[in-house]
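Grab a pencil and have the viewer ready. Try each exercise yourself before you read its solution.

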Amino acid sequence: MNYRRFGRTGWQVSDIGYGMWGMGAWTGSVDAESLASLQCAIDLGCNFFDTAWVYGNGHSEKLLGEVLRKNSGKKLYVATKVPPKNREWPARTSATVDESYPPAHIEEYVEKSLQNLGLQSLDLIQLHTWQDKWLTDRRLISALEKLKSSGKVRAVGISLNRWEPFNGVQAVRAGFVDSVQVVYNIFDQNPEEELFPACREKDVAVIARVPFDEGSLTGTLTRDSKWPEGDWRNTYFSPAKLPEVLSRVDALRPLLRDGMTLPDFALRFILSNSDVATTIPGMRKIRNVEANIAASGQSVLSPDLIAELRKHRWLRQLHSPQNKLKELVKRFLR
Ligand SMILES: NC(=O)c1ccc[n+]([C@@H]2O[C@H](COP(=O)([O-])OP(=O)(O)OC[C@H]3O[C@@H](n4cnc5c(N)ncnc54)[C@H](OP(=O)(O)O)[C@@H]3O)[C@@H](O)[C@H]2O)c1
């Protein structure tokens, strides 16, 4: 396992971290399998775990707590998240701090998470959604600073809304966050434009989430893929969206070299970027843990291959002015 510096905290974290949403809230999760997978990852050197209160209303945190107690001799970094008070994902542009993260709500959920995890202090607390305009409300920054000075958290971060990497650049530049969590994968390359340079400048750690685009970049989806009722992936990969997803995935297959698998390719794309401190694939099975952690020791992709992958970028969020312009140019050229 390779380790990278986690921004200005100076922590050395495994470049393959652990995403814990699935085991807390997706259908098909089996606790015994999830716990065995977590243990396998620790044995293979993984030391960074990303969970959230909302992943099963504390369930994912409790699983992590169990594993932490079994591995008390090892330094394992725990990152969790405060859910927005109004339970809105993503945060609306019109949402206020009072609706989303009033200081008392942040304190309440830090206490809940500490209890679920069985810890006295958290390595990293992240706000689970974000709007840069909240920076103007000093109460938010004060609440997070207070948590740090109380010793209940060591570092603070924000988790940016899906496909809105531009909506976090101001927070990074303002200097109050130690980390940002952002969707970054072969399809979603937008954070490279503004967010990563800002993080580099301010020494803010980047957590690259959703490395497999929620599963499409594992190459395991088909035209018939569907999930039990209530599983959110039925919406993300709805029958209307699946054909385009699959054709974009198929377009990547000719680029695979020397027995490389698609998941390996997807992770190595992310790890080829030194702006990333860690990426956090969601994993509930030992075979996936073993395969993903093996990507850590592999070489980065060649500049030629990275250049080729630029053509596979997928602009799915039209809110930013840059994206709007690019999409218009693309449509015009088609
Ligand atoms: N707003 C936020 O802050 C936010 C939002 C989304 C995600 N996240 C974080 O980011 C993490 C990662 O995202 P994600 O879990 O949503 O999606 P993901 O990592 O893109 O994909 C997870 C899916 O890939 C499968 N998988 C993993 N490794 C595989 C392999 N080697 N071969 C085949 N399949 C493989 C997993 O299967 P199994 O589960 O069956 O092993 C799961 O179905 C989350 O767990 C969470 O910690 C945060």
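Here are some exercises on this predicted model, each with a worked solution.

**Exercise 1. Get a feel for the whole chain: how many helices and strands does the protein chain have, and why does the protein chain count as compact?**

Step 1. Start with the secondary structure: you should find 14 helices and 10 strands.

Step 2. Now the size. The radius of gyration is 19 Å, close to the 20 Å that the globule rule gives for 334 residues, so the chain is as compact as a globular protein of that length.

Step 3. Put a box around the C-alpha atoms along the principal axes, and you get roughly 55 × 45 × 40 Å.

Step 4. Look inside: 55% of the 334 residues are buried. As for contacts with a separation of 6 or more, 75% of them join residues 24 or more positions apart.

Step 5. Finish on the outside. The accessible surface comes to about 14,400 Å², and carbon and sulfur atoms own 53% of that. Count the charges too: there are 45 positive and 39 negative side chains, and the centres of these two sets lie 1 Å apart.

**Exercise 2. Trace the open sheet: in what order do its strands come, and which strands stand at the edges?**

Step 1. Recall how strands hold on to each other: they pair through backbone hydrogen bonds, either parallel or antiparallel.

Step 2. Walk across the sheet. Its 8 strands follow the order β3-β4-β5-β6-β7-β8-β9-β10, and the pairing is parallel.

Step 3. Check the two ends. β3 (18–19) and β10 each have a single partner strand, so one side of each is left without a neighbour in the sheet.

Step 4. Zoom in on some pairs. β5 and β6 run parallel, joined by 4 bridges, and here Thr 80 has Ile 125 of β6 as its bridge partner. Moving on, 5 bridges pair β6 with β7 in the parallel sense, with Ile 125 partnered by Val 156 in β7. So what do you find at Ile 125? A bridge partner in β7, Val 156, and another one in Thr 80.

Step 5. Keep going. β7 (residues 153–159) is linked to β8 by 3 bridges, again parallel, and Ile 158 sits opposite Val 180 in β8. Over at β10, the parallel pairing with β9 (residues 205–209) has 2 bridges, and Ile 207 faces Thr 278.

**Exercise 3. Take strands β6 and β8: are their residues buried or exposed?**

Step 1. A residue is buried if its relative accessible area is under 20%.

Step 2. Apply that to β6 (residues 122–127). 6 of the 6 residues pass the test, so the strand is largely enclosed by the rest of the structure.

Step 3. Do the same for β8 (residues 179–183). Here 5 of the 5 residues are buried, so this strand is largely enclosed too.

Step 4. Ask which way the side chains go. In a regular strand they alternate between the two faces of the sheet. In β8, Ser 179, Gln 181 and Val 183 point one way, while Val 180 and Val 182 point the other way, and all are buried.

**Exercise 4. Place Val 276: where does it lie, and which residues does it touch?**

Step 1. Find the loop between α11 (262–271) and β10 (278–279); Val 276 lies there.

Step 2. Check its exposure. With a relative accessible area of 2%, Val 276 is buried.

Step 3. List its contacts, leaving out residues up to four places away in sequence: Arg 4, Tyr 184, Phe 196, Val 206, Ala 208 and Ile 270.

Step 4. For contrast, try Glu 108. It is 168 residues from Val 276 in sequence, and their C-alpha atoms are 31 Å apart.

**Exercise 5. Hunt for unusual backbone angles: which peptide bond is cis, and what is phi at Trp 163 and Asp 258?**

Step 1. Remember the usual case: most residues other than glycine have a negative phi, and most peptide bonds are trans.

Step 2. Go to the bond from Trp 89 to Pro 90. This one is cis, with omega near -10°. Pro 90 is in the loop between β5 (77–82) and α4 (97–100).

Step 3. Next, Trp 163, in the loop between β7 and α7 (169–174). Its phi is positive, about 65°, although it is not a glycine. Trp 163 is partly exposed, at 21% relative accessible area.

Step 4. Last, Asp 258, in the loop between α10 (242–250) and α11. Asp 258 also isn't a glycine, yet has a positive phi of about 45°. At 83% relative accessibility, Asp 258 counts as exposed.

Note on methods:
Residues numbered from 1 in each chain as written. Predicted model: local features only at pLDDT ≥ 70, side-chain atom pairs only at ≥ 80, totals over all residues. Heavy atoms only, no water. Rg over C-alpha atoms; globule rule 2.2 N^0.38 Å. Buried < 20%, exposed > 50% of the residue type's maximum accessible area, 1.4 Å probe, protein only. Contact = heavy atoms within 4.5 Å. Areas by Shrake-Rupley, 256 points an atom, 1.4 Å probe, with all protein chains shown as cover. Lys, Arg positive; Asp, Glu negative; His and termini not counted. Charge placed at Lys NZ, Arg CZ, Asp CG, Glu CD. Pairing = 2+ DSSP bridges.
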